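Hi everyone, thanks for making time. Let me put the structure up on the screen, and then I'll walk you through a few parts of it.

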Amino acid sequence: MFKIWRLAAALFLLPVCAIEAAAAPDTAAEQQPRHSSNDSGWTMPSAIVLIDAGHGGIDGGATADSVLEKDINLAIAQKLYLLLNSQGIPAVLNRTGDYALSDDNRWHISGSRHRRDLSQRRQLTEEIETQLLVSLHVNWTKNRTKSGPLVLHQGSGESALLAFCIQDTLNRQQQTSFLPREGKPFYLLRRVDQPAVIVEMGFISNESDRAMLTDPRQQLRVAAAIASGIRQYKWVTR
Ligand SMILES: [Zn+2]
């Protein structure tokens with residue numbers, strides 16, 4: 001249960017937490033074992049962050065100039081995975097190659113591959129014990145001048161705070177000043193229990209964003225900004 005005073009204090013602290021988070025020591029929670037047992041005695045994998053690499057396989061996501069969103073999402077997700085784990089924040093990645101998660105879904109009887117894909121992503125949040133879900137995507141619009149990052153959150157305070165932290169670090173990285181938004185219509189945000197955000201890392205339809213999102217060095221900077229936002233959130237809510 002989230003405490004309102006804690007959110008108020010956290011938002012008040014936001015301008016300073018960007019500086020302090022870098023120096024903040026790892027909390028005990030961040031040092032937790034990578035596996036835990038549930039009531040049935042099964043050993044379940046556990047982590048702090050579940051990184052959802054959007055789309056995959058037959059589902060390429062948004063596309064522009066023969067660049068596919070699924071490839072950008074995967075490349076940055078892998079970098080984020082390595083960064084978080086190296087920074088003492090155990091993370092797991094739900095897609096490590098170019099395949100559709102709907103192919104793994106043998107339990108949801110639905111004619112819609114898209115539906116099975118999304119329900120599989122949600123199911124993983126229940127099977128893998130994690131505290132946060134960070135879903136990586138790239139935006140697209142007809143207006144090719146539109147650029148910049150946008151973080152979407154659930155109605156809860158925790159999700160909004162996580163979104164504020166990631167939006168803030170992405171704004172610094174991309175020299176923008178956008179605010180996060182509540183992403184009401186999005187299935188993952190509606191159906192996942194833990195704090196979850198969708199990170200639209202930039203616009204594939206914008207030439208300079210596309211160049212940034214497909215360059216491995218720039219991808220690392222995007223991943224580092226997201227990791228920094230997650231660390232800020234962890235520091236504020238510890
Ligand atoms: Zn997407």
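**Helices, strands and a core**

Let's start with two helices: α4 and α7 cross in the right-handed sense, meaning that the near helix is turned clockwise from the far one by less than a right angle, where anticlockwise would be left-handed. Before I go on, this is a predicted model, in which local features need pLDDT of at least 70, side-chain atom pairs count only at pLDDT 80 or more, and totals for chains, interfaces and linings use all residues. Residues are numbered from 1 along each chain as its sequence is written. Helices (H or I, at least four residues) and strands (E, at least two) are DSSP runs, numbered from the N terminus.

Back to our pair. Helix α4 covers residues 157–174, and its axis lies 8 Å from that of α7, at an angle of about 140 degrees. Those axes are lines fitted to C-alpha atoms over the stretch in contact, with angles running from 0 to 180 degrees between N-to-C directions. Contact here is C-beta atoms, placed from the backbone, within 7 Å. On the α4 side you'll find residues including Leu161, Ile166 and Leu170, and they meet a set in α7 that includes Val222, Ile226 and Tyr233.

Helix α7 (residues 216–236) also gives the largest share of the largest nonpolar core, nine residues. That core has 56 residues, and Val49, Ile51, Val134, Ile166, Val197 and Ile226 have the most contacts inside it. By nonpolar core I mean buried Ala, Val, Leu, Ile, Met, Phe, Trp, Tyr and Cys residues joined through C-beta atoms within 7 Å. Buried means 20 or more other C-beta atoms within 10 Å of the residue's own; 12 or fewer is exposed, and in between is partly exposed, with C-beta atoms placed from the backbone.

Now, which strands pair with β7? Strand β3 (residues 49–53) does, in the parallel sense over five bridges, and β10 (residues 196–203) does too, also parallel, over six bridges. Pairing takes at least two DSSP bridges between the strands. Strand β7 (residues 132–139) has seven of its eight residues buried. Within β7, Leu136 is the bridge partner of Ala53, while Val134 stands opposite Val197 in β10. Beyond four places in sequence, Val134 has contacts that include Val49, Ile51 and Ile226.

Last stop: His55, in the loop between β3 and β4 (63–64). Why does His55 count as buried? Because it has 24 C-beta neighbours inside 10 Å. Among the residues His55 touches are Glu69, Lys70 and Asn73.

Technical notes. Contact = placed C-beta atoms within 7 Å.
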